[in-house]
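Me: I want to know what stands behind the labels on this model. Please take me through the reasoning.

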Amino acid sequence: EKGGYDYFMLKEIAEQPKAVADTLLGRIDASGSLTLDEVRIAPEVLREVDKVVIVACGTAFHAGLIAKYAIEHWTRVPCEVELASEFRYRDPILDQQTLVIAISQSGETMDTLMALRHAREQGAKVLAICNTNGSTIPRESDAVLYTHAGPEVAVASTKAFLTQLVACYLVALYLGQVRGTKWGDEIRAVIRDLAQISGEVEQVLETMEPVRELARSLAGKNTVLFLGRHVGYPVALEGALKLKELAYMHAEGFAAGELKHGPIALIEEDLPVVVVVPSPRGRSVLHDKIVSNIQEIRARGARTIVIAEEGDEVVEPYADHLIRIPVTPVLLQPLVATVPLQVFACELATARGNEVDQPRNLAKSVTVE
Ligand code: M6R
């Protein structure tokens, strides 16, 4: 059942290239356009959308945070992302022109279900991004875009997350395509890159041995911090969540720009800090800023674990440990940057003697509010 792996989580991490490819399958046509016919919301309705609201929990929420960057950039439609458990309790502003996207692997998460029911009662259209055919969330939505990750058994979400990202990018690009934005050329180029991305995920998986070694060496630590900027910020949050749930360690993700507003006080001698470095191409200002952050925390004794694009030489002198990821378009980087963090958490959990597939106190799908 585990296909020769010790844990479902290891198997599911390894299945990610296929899960990503399967989620793209049949959705990009020969001319390089998206065909999301299954999204039964008519293009006219999508053209009228004036706000996107994403609701989700846990890892799916992190996918939503990343989707916001893509949706706002490619469609210029404002996008909010909210924890499903908070959503309906604050009387959110919704109407017929709001597109609500509910992201859920299981399709049974009660918090997300209650949020989408609330949204529909207010007249909003709901699109589900879901991995489980025929589950409650897609059944109660106006439309669904299925992720094709296959069954995810381990409590910690891995391949579902990567496919949720793919689905979010598809929705963002599709909205851009349908509505027509000034980013038409970029959208076409990104669709081409997305079609290749599973090869890059595979490439990351092939280079994970040093990450495992590093994780084992940190098994005695109590705290690990994660920093990121732009789409790397939700990746940092996801890295921290994986470590909490699997290794039972104190782990926190921060937006690197916030360091100076408080968290830098946490930095002490030999504290492991994982930094997700934005591409030096594209938004290079952010790259410079995060390099300064790495220098600052290193000067205060932190052990820096740097995840950076191949060819990014600037970070080398400041990285105690350097994890390389392939070059991707800026917005797609989470698809490759998250993988080392999954491997890191899984290996740390094993080294600490924890039950990887079934962490304490957690259930795979949370069907109570
Ligand atoms: O099935 P869902 O995607 O709705 O589940 C949402 C969260 O409960 C889930 O992502 C949880 O945070 C994972 N255990 C994280 O690894």
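Reply: What follows covers one sheet, its helices and the ligand site, in a predicted model.

Me: What makes strand 6 and strand 7 a pair?

Reply: Pairing needs at least two bridges. Strand 6 (residues 223–228) and strand 7 have 6 bridges, in the parallel sense, so they count as a pair by that rule. In one of these, Phe226 has Gly253 in strand 7 as its bridge partner.

Me: Why is one side of strand 7 and of strand 10 left without a neighbour in the sheet?

Reply: The open sheet has 5 strands in the order 7-6-8-9-10, with parallel pairing. Strand 7 (250–255) and strand 10 (321–325) stand at the edges with a single partner strand each, so one side of each has no neighbour. On average, neighbouring strands are turned by 20° against each other, direction ignored.

Me: Which strands does helix 12 touch, and how is it directed?

Reply: Helix 12 (residues 284–299) packs on the sheet and touches strand 6, strand 8 (272–276) and strand 9 (303–309). Its direction makes about 175° with that of strand 8. Helix 13 (residues 334–351) lies across strands 6, 8, 9 and 10, at about 130° to strand 10.

Me: Why does the Ser104 pair with the ligand count as a polar contact?

Reply: The cut-off is 3.5 Å between N or O atoms. A polar side-chain atom of Ser104 lies 2.6 Å from a ligand oxygen atom, so the pair qualifies under that cut-off. A backbone N or O atom of Val155 is 3.0 Å from a ligand nitrogen atom. A polar backbone atom of Ser157 is 2.9 Å from a ligand oxygen atom.

Me: How much of the ligand does the protein bury?

Reply: Alone, the ligand exposes 420 Å², and the protein buries 90% of that.

Note on methods. Residues numbered from 1 in each chain as written. Predicted model: local features only at pLDDT ≥ 70, side-chain atom pairs only at ≥ 80, totals over all residues. Heavy atoms only, no water. Helix = DSSP H or I, 4+ residues; strand = E, 2+ residues; numbered from the N terminus. Axes fitted to C-alpha atoms, helices over the stretch in contact; angles between N-to-C directions. Contact = heavy atoms within 4.5 Å. Polar contact = N/O pair within 3.5 Å; in protein donor to acceptor, adjacent residues only side chain to side chain. Areas by Shrake-Rupley, 256 points an atom, 1.4 Å probe, with all protein chains shown as cover.
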